[in-house]
Amino acid sequence: RGYVVCWCASCSSSDSDYGAYVGQAGTITVKKPSAMPEAHLGLTTVMPDQTPSLTGEGGPVIIAFKTGDMAHYATATGNLHLVIEIMPGLVEQGTDRTIPDTYADVLQPRTNKLTPLELSTDIDEPREARQDFCGLMFTELWSEDRDGFPMPDGCYYSEDTTNPDKLVKQLHILFTERNHLKKNTKYMVVTNMNILKELDKDFPGEGAIWIWSMDDVHTNPFGVIERGSALPSPSTRVPPRNALGELQLTGPINQQYPRFYNEGANPDGFKILGVNSEQTEELFFFCIRHDEKNPSSTPSKENECKVCYSEEDCGNGGNGVLPDTAKSYCKSPVDPRCPQADGDMLNVPAFIFQIRAKPGFEILPQSLLRMFLHPLTQWNIDACQVAMLQCVSLAAGNLCSDANCIPESVVGGTLVGISEYPINIMKITLPNIMLSITDSNPNTIKVGNMALPAGGFFPNVITAEIMKDGGTAPDYWNINQALASATPAGGGARLYVRPRILAASLVNSAGDGNASPFRGDRANKLYVRMVMGTTFYGDANGVQIDFKLPFGYVCEQPMLGGSVPDLSLLANQFPSTKGRLGGRQGEVRYTNIPATPTVMCRVQLLQDMIIYAKTVYFVELNVNNPVNAMKRDDELNYWNISVTHNGYSPPQIIQDVQLSPTQLRACATDARQLCTEELGSDYSGGVAVLGKLLDFFIAPDQFGTGRLNTLSIFFMTEQEVGDLINVETELWVDAPSGFDFGQYCAASELDSIYYIPEGRGTAALPTGDLIPCRGAPTSDDELTFNRAKVSTTGRLLRNTFYGFRVQVTNGPIYVRTQLNAWRLWTYVKNTGFAVDGAYETARFNEKVPSGPDTSWGMYARGMPEGNMKVSFSSVRPSVDGAPPSDITILPIIVSVPTSSAVRITAPAGYEWDFEQVEFRYQAPASGVNPLNIVPGAEADIPISGKPARPNSEPKNVLTMDYMQLP
């Protein structure tokens, strides 16, 4: 039953008089959480902070974990959250009980700028979580899942002071509903921490980092799904100690230990050397070599082995043709068979770097140099080669022996078999035959061509660590030192791989946006799915993402952006992948850029706002449509996205990428490479701006509920549907809910008398003798086939009036909304592109202006054939000066007595034209005015007054409102 919780009115926490407690408030149940299968702490630096006040900058750490086989991940719908606790360790004082045991910190959190992470009451609760605070705390997020780490809804920082002697610092990641972690999946979180000397391979004993996967933060804030406990992995990557547990951060007296040169205004102990002293050293992909034996699966001879940025550069796709998803031509490292490599990756060096020692702290032969490749979660090398370019020895010819390089992972260390986490360290053992590296004798080393991050990255530095042979006396070249050396004064460079946009697609699923698709529509909401190949954040508001719209659109974004609703195409997906981008104060700012010359919806990342590599985002674009219709395949109907990062000089730009229904993902055969894959019909590269079928009429032949009804349908196209290549078209007729065309519907031509060339004319659909027709529901909620898809074998001409028939079973009941629920859409059959649509519901009466509630309605009973007949005194067309024809409606036979109003609608073109005295409505009888008698009538129409002729449109509708039962 758990722990009993009691209460009292005035007692304090120090009261032990249980008699003061007056009742039971409830119970608390404490459960042992399930353990995560894996939890690791990976360090880039093992050099502990030695400043007196422990204000050191520290460096990046990776917190890695794997979720267990927990079914809750696949069913939870609330705001799950992840808590990373930084645990102090209990330092025991042994047998001397006069000194109490104390808790000691082993890690201190740092921001993305390596400053202390401070507690703020403005952002220490779930309701205060923001995405820009995620960027402040977490520099990278990674998952082995192909859809990346789910984009946090926000982050916040808190401190647990339940035990005043044991301060627990907590980093929180809050997820959006249904977009959270998934079971049996590996994740990594990169954050900066200051390493303290107390950290060891087994201290704190219960783990330096606790990882809590928690249930809904609002409805079950203390519900634990599972918990992980992490110590440094590998266990050797801790502040070095000897057998007695004493720190070994320096060498013995009079013995040298290595240190990077960090003197003066321009420290350059470690730096990348840019070509021609450039500050950015770009790394390249290459087309694979042409294979004469397999020419169809390799690039052409002209494209082989050249630098490439995409599959199209190597001849796989291009000029509007998507790359073949079964091929991968643009790769790294360079194909060793390429002439420039000639079998040796060192012939095509990836980059060159220099190391220099601090005066008096020489870097000796066989010292260990670790280079940490940033971004840590994007690099994943499988091999590394290095060669000494500038190195002097006392051997013959002053030649140095070879340096050795092996790849490692920040999480797990030395590679054994297949690494489960990215391999992001180059561990270099310097030559055993060389003169020591000093301040006046720097060495230069080249790195052989190797696998690059396929998604690219903006200019970034490399951090490094130098150690004595044997792994002691570490010196860490941190991020700020690396940045200082990568300046004109420092003479170094940053590495750069051109970043890529992995996916940018418009949502094309019915009901998921684009609810106002017609020309001239305003406030149309469109949703874009996007995935970036690299991580970048809004340092000094310097990142802008531009969605470039086709000519004629106007962007109308609110400053904070819109909120993407639940999308039906993601309804059955866990996690949903519906990551949001901004929407709260301090995250992003939207700007509407008019045609200068391109219309753009611009998203600017504000300070610390971050976009994580390979994470899926959805963005709402609020636009006004062009005033002219535009087909989906119009050469002007293309949508682009670009990114400008102004945090560099010059600004770094991801050039325009056209939106498409494809994405780049890790290849199934080689996860280090990218392959193109289709996203499916729910996504597209653009949307059509629909023309309007203004002259759209439906005339039924049965009005009774549940009756089999033949609809005569007329419409006028605005645009041509189909072309010389795609000649087949489809017309979708949408009926109200409950109507049923049947799975195999019956469509046919009108009677031949309708197809006349005079005046506007009416054309038959371009089909054969049989008109194919398939039924479908208009949505997943419909229980009947209330959509008829009518196919043609030829294209529909623009501004042409067409007519055809289709059968439908009327709905079982009448509701007024049916008067506004008939629609017609035209499509190109082969492509599925929409062209025109009914802007308003189908009109029943052509003389009624277009608008809502103008379709036909059902009645409880249909009038049997013969119960109403019409005759004319003349069938000649009316001309000026000629008297109108007399019309006799006889008989009128109803099934049940009624006092409801009667409405008689004549075909369009007819007009009721009479004086009240000319209206006849009575049966012959004694005393009846002869001017009111209808010969052959058996009973009077029970009206209290004669109707008047209509004086305004629709003049073909005669209404008798004053009915009364006899």
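# Legends for the close-up views

**View 1. Ser277 sits in the loop that runs between strand E15 (270-273) and strand E16 (280-282).** Helices (H or I, at least four residues) and strands (E, at least two) are DSSP runs, numbered from the N terminus. The model is predicted, so local features need pLDDT of at least 70 and side-chain atom pairs count only at pLDDT 80 or more, while totals for chains, interfaces and linings use all residues. Residues are numbered from 1 along each chain as its sequence is written, and side-chain values use heavy atoms, leaving out hydrogens and water. Ser277 is not a glycine, yet its phi is positive, about 65°. Its relative accessibility is 66%, so Ser277 counts as exposed. Three classes are used: buried (under 20% relative accessible area), exposed (over 50%) and partly exposed (in between), with a 1.4 Å probe and protein chains only.

**View 2. Asn514 also has a positive phi, near 55°, and is a residue other than glycine.** The loop that holds Asn514 runs between strand E31 (501-507) and strand E32 (524-532).

**View 3. Two peptide bonds that end in a proline are cis.** One joins Ser332 to Pro333, with omega at about 0°. Pro333 belongs to the loop between strand E19 (330-331) and strand E20 (351-355). The other joins Phe574 to Pro575, with omega at about -10°. Pro575 is part of the loop between strand E35 (554-555) and strand E36 (579-580).

**View 4. The charged end of an arginine sits over an aromatic ring at Phe574 and at Trp210.** A charge is said to sit over a ring if NZ of Lys or CZ of Arg is within 6 Å of the ring centre and within 35 degrees of the ring normal. Over Phe574, the charged end of Arg178 is 4.7 Å from the ring centre. Over Trp210, the charged end of Arg227 is 4.3 Å from the ring centre.

**View 5. Lys578 lies in the loop between E35 and E36.** Is this lysine, Lys578, buried or exposed? With a relative accessibility of 16%, Lys578 counts as buried. Its side chain makes a polar contact with the backbone oxygen of Pro565, at 3.4 Å. A polar contact is a pair of N or O atoms within 3.5 Å; within protein, one must be able to donate a hydrogen and the other to accept it, and residues adjacent in sequence count only if both atoms are side-chain atoms. Apart from neighbours within four places in sequence, Lys578 is in contact (heavy atoms within 4.5 Å) with residues including Thr176, Asn179, Asp566 and Phe618.

**View 6. Glu730, in strand E49 (residues 729-734), is shown with its contacts.** Glu730 counts as buried, at 8% relative accessibility. Which side chains make polar contacts with the side chain of Glu730? One is that of Trp732, at 2.9 Å, and another is that of Arg774, at 3.0 Å. Not counting residues up to four places away in sequence, Glu730 touches eight-residue company in part listed here: among them are Arg774, Lys789, Val790, Trp825 and Tyr827.**View 7. Phe703 and Phe844 form an edge-to-face aromatic pair, one of the 32 aromatic pairs found in the whole structure.** A pair of aromatic rings is described by the distance of the centres and the angle of the planes. Rings of Phe, Tyr and Trp (its six-membered ring) pair if their centres lie within 6.5 Å; planes under 30 degrees apart count as stacked, over 60 as edge-to-face and the rest as tilted. For Phe703 and Phe844 the centres are 5.8 Å apart and the planes make an angle of 90°. Phe703 is in the loop between strand E47 (697-700) and strand E48 (708-716), and Phe844 is in the loop between strand E56 (834-837) and strand E57 (868-872), so the pair ties together parts that are 141 residues apart in sequence. Phe703 is partly exposed, at 26% relative accessible area, and Phe844 is partly exposed too, at 32% relative accessibility. Ring pairs link both residues with Phe739, Trp822, Trp856 and Tyr859 into a cluster.

**View 8. The whole chain, with two helices and 60 strands, gives the setting for the close-ups.** Its radius of gyration is 39 Å, well over the 30 Å that the globule rule gives for 966 residues, so the chain is more spread out than a compact globule. The radius is taken over C-alpha atoms, and the globule rule is 2.2 Å times the number of residues to the power 0.38. The C-alpha trace spans about 140 × 90 × 45 Å along its principal axes. Of the 966 residues in the chain, 51% are buried.
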